[in-house]
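Got the viewer open? Let's take a walk through the chain, one selection at a time.

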Amino acid sequence: MAVRATVSRFPIDSDAQEASGVPWGLTVTPFAGKDENGQSPVYGSDGHLLPRCENCYAYFNTYCELDQWAWNCSLCGTLNGLSAQAIARYSHPQSCAEMMSSFIDLELPLEGSEEEMLHARPVYVAAVDLSSSEEFLELTKSALQAALEALAPGSLFGLATFSHKLGLYDVQGPIPVVKNVFIPQDTEGTLPIELEDAMPLLQFLAPVETCKDRITSALETLRPTTSWERTPGAGQGLDGVLMGGRGFGVAMEALCNYLGSEYGNTFALARVFAFLSGPPDYGPGQLDTRRYGEQYASKGEDADCALLPEQTPFYKDLAAVAVQAGVCVDIFAVTNEYTDLASLKFLSIESGGSLFLYPNTDDSTLPQDMYRMLSRPYSFNCVLRLRTSTEFKPGHSYGHFFPDPQYENVQHIICCDSYATYAYDFDFDNNAGFSRHASEQPMVQIAFQYTVVVPPEELSGSGLVSSNRGKHSLKRRLRIRTLQYGTAQNLNELYDGVDPEAVLSLLVHKVILASLQQGIREGRMLLHDWLVILTSQYNEAFKLIQYKNGNSSINAQIDVAFSQCQQLQPLPRLVFALL
C-alpha cells in the first residue's frame, strides 16, 4: 500500500491551507505490494480479532498507547478496554503483526465452506467485434495471443464474437465449433434463446493450459462479417464499405447473464475483454452518433459540454447487472470515429474494469497493454476506508469505486490491481486546526479489505491442498496502514514538503470532475486560475513582491519559475502540459 501526501507536513490550520495555494490530500495505491519507500507489510493472521476503537472504529496500531488492560486510540484519543483474549495475545508482542509495524496485512476467515473456496478459478472471456476491418482483427488476435501467454495455469478462457449475431466458440473438441444466436434489430428486443441453451457454460469456458493451441486455432478463423451476411437495415454504406450491425449492448448483457449462473461456484470474478471497432449501432444499447457535429457551435453551445454527459443509461444499468453477476468488463476501443465513450465508459468503470482508446491499428500498443495488464496481480470484492484524527476529515474521494450507501467514507472496488490509485482531499473539521504540541500529530489510517485467488503452488506450501490438488483457492485479507504526519509551522516549511506528482494527481481528478460538471472550458479556466493563485501565494510567502506606499507598483520581478523552492519547480510545466 503506497501512500503519497501532497505535502509531507500538513498545514497548521485552514488559514495556512488557504494561503499556501497547494491542494491538501493524498493518493493511495492500496494493492501495491510495498509502500512508497519499498517496505513490505508485516503479514499475520486472525484479522477479525484485531481490536477496534469503540468511538471511531479505527484499528489498533503501533501509535496507540497500550496499558495492561486498555489502549488509547491514536486517532480520536478514546480509552478502550482489552478483552482477555487480546491481553493474552499482546503479552507476546513479537507474535503479533500489529505490534511490530504500522503497515500490516492480516488474513481473515472466509465465509462459506472450504469446498466452495477451492472451486474458484480465474475466468476470462474475450468478446470480439466482427463488424470491423481485417486490420482490427489482426491486432485483436495479437492482443489475445499476448493475453494467453500472461494467463496463469488453471485459468478458464472463453471466446465470443458479436456483430448482428452473437457467436460462442467451443474449443474443447478437436476442431473449434461456433454457435451463433441472432441479435434483434430493434432497441427493445431480446435474444431468441438463452446462451446456456445454445452452449453450456462449462463447454464454452476452456482450460488454458490444455486448450491454448485450440484457442489460437479458433482465433485464426475470425473474419469480418461480409455485406451479404447482414440484414438490409444493419449497416450503412460508406465509400463502398458496409459498416454497422454492431450489437454490442445486447451481447454484453447476454454474456453477463450467461456467466452469472456460475458466479460463486466456478469463479469468484470473471473478466470480460470487449474489443470495439466503432460505436454500437444495432439492437438494444445502440448509440446515436449523429449528435457529434457542428450543430452545437451554430447554437453558441459548448460542444464538449454537450457531448460529455451520457446519451443513455443503458450501459450504467448494465454495469449494475455485471457487478451482480461477478463480471468485470474492460473495453478496448480501436477507432478514430466518434464512438460516444461518454456513454460506454460506465460499463467498464463501474464494473471495476478499464477503458482503453486507440486511434488507429498502426500505432496501437494493445498487445503490450494486454500482457502488462494481465501480468499484474489483482484483488477483487475490495472495501477501502480512510479514517483521520479528529481535527480534519476527508472531503472528496476520486477513483473508479462506488461509495457505500450506508457508511460515510467507505468505498467499494470491484477489481483492483497493484497500480490502481485513488485520491482524497482533506478539509479541516474546525477553525482551531492542529495542536502545536508534538504529542498530538495528524493521523491517517487506511484499511483495505480484499480477496485474492491463490494458485495451487502457493497453497501446497501452507498444507491446504490434498485431494483438491490443482484447484485455486480464495483468501480474504485485511491490509492496514497507519501514518503520522508533522505540521508545517510556516509556508516555507509547507512548500519544502510538496510532492509535485501527488499534487498533479489530485489536480487531474479535480479538473476532470469540473469538466464533467461544467464543461472542458471551465475545467481549463480553473486549472489556469489555480496556477496563477499558487504563483501569487508563493511570491508573497517568500516576500518577492514589494509594494510602494500600498499601491500596486512592484519593485521586483515576479518569480514564475519558483526558483527558491525546488519542490514547486516542476508544477508549471506539468500544468501547461495539462492545459
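**Stop one: the C-terminal helices**

Start by selecting α18 and α19, which are roughly antiparallel to each other because roughly antiparallel is the label for angles over 145 degrees (under 35 is roughly parallel, 65 to 115 roughly perpendicular, the rest oblique). The two pack at an angle of about 165°, with their axes 10 Å apart. Axes here are lines fitted to C-alpha atoms, for helices over the stretch in contact, and angles run from 0 to 180 degrees between N-to-C directions. Helices (H or I, at least four residues) and strands (E, at least two) are DSSP runs, numbered from the N terminus.

Before you go on, two housekeeping notes. This is a predicted model, in which local features need pLDDT of at least 70 and side-chain atom pairs count only at pLDDT 80 or more, while totals for chains, interfaces and linings use all residues. Residues are numbered from 1 along each chain as its sequence is written, and side-chain values use heavy atoms, with hydrogens and water left out.

Back to the helices: α18 and α19 cross in a left-handed way (the near helix is turned anticlockwise from the far one by less than a right angle; clockwise would be right-handed). Show side chains for Leu527, Trp530, Leu531 and Leu534 of α18, and for Leu571, Pro572, Val575, Phe576 and Leu578 of α19, and you have the contact (heavy atoms within 4.5 Å). By class, the contact of α18 with α19 has nine nonpolar, no polar and no charged residues. For that count, Ala, Val, Leu, Ile, Met, Phe, Trp, Tyr, Cys and Pro are nonpolar, Asp, Glu, Lys and Arg are charged, and the others, Gly among them, are polar.

Keep α19 (residues 571–578) on screen and add α17 (residues 500–518): this pair packs at about 25°, axes 10 Å apart. α17 and α19 are therefore roughly parallel to each other, and their crossing is right-handed. From α17, pick Pro500, Val503, Leu504, Leu507 and Val508; from α19, pick Leu571, Leu574, Val575 and Leu578. The contact of α17 with α19 has nine nonpolar residues, no polar ones and no charged ones.

**Stop two: a second helix pair**

Now jump to α5 (residues 134–150) and α14 (residues 366–375), which pack at about 25° with their axes 8 Å apart. That makes α5 roughly parallel to α14, and α5 passes α14 in a right-handed crossing. Select Leu139, Ser142, Ala143, Leu144, Ala146, Ala147, Glu149 and Ala150 on α5, then Leu366, Pro367, Met370, Tyr371, Leu374 and Ser375 on α14. What classes do the residues of the contact of α5 with α14 divide into? Eleven are nonpolar, two polar and one charged.

**Stop three: rings**

Colour the aromatics next: the structure holds 28 aromatic pairs. Rings of Phe, Tyr and Trp (its six-membered ring) pair if their centres lie within 6.5 Å; planes under 30 degrees apart count as stacked, over 60 as edge-to-face and the rest as tilted. Zoom to Phe401 and Tyr422, a stacked pair at 5.2 Å centre to centre with 25° between the planes. Phe401 lies in the loop between β20 (392–398) and β21 (402–403) and Tyr422 in strand β23 (residues 422–428), so the pair ties together parts 21 residues apart in sequence. Phe401 and Tyr422 are buried (under 20% relative accessible area, against over 50% for exposed and in between for partly exposed, with a 1.4 Å probe and protein chains only).

For a cluster, select Phe10, Trp24, Phe392, Phe426, Phe428, Phe434 and Tyr485, which ring pairs link together.

**Stop four: two isoleucines**

Centre on Ile104 in strand β8 (residues 103–108). Is Ile104 buried or exposed? Ile104 is buried, with a relative accessible area of 3%. Beyond four places away in sequence, Ile104 touches Pro41, Val42, Leu50, Ala97, Glu98, Leu478, Arg479 and Ile480.

Then move to Ile414 in strand β22 (residues 410–417), which counts as buried at 12% relative accessibility. Measure from its C-alpha to that of Glu350, 64 residues apart along the chain, and you should get 8.0 Å.

**Last stop: zoom out**

Show the whole chain: there are 19 helices and 26 strands. Buried residues make up 52% of the 579 residues.
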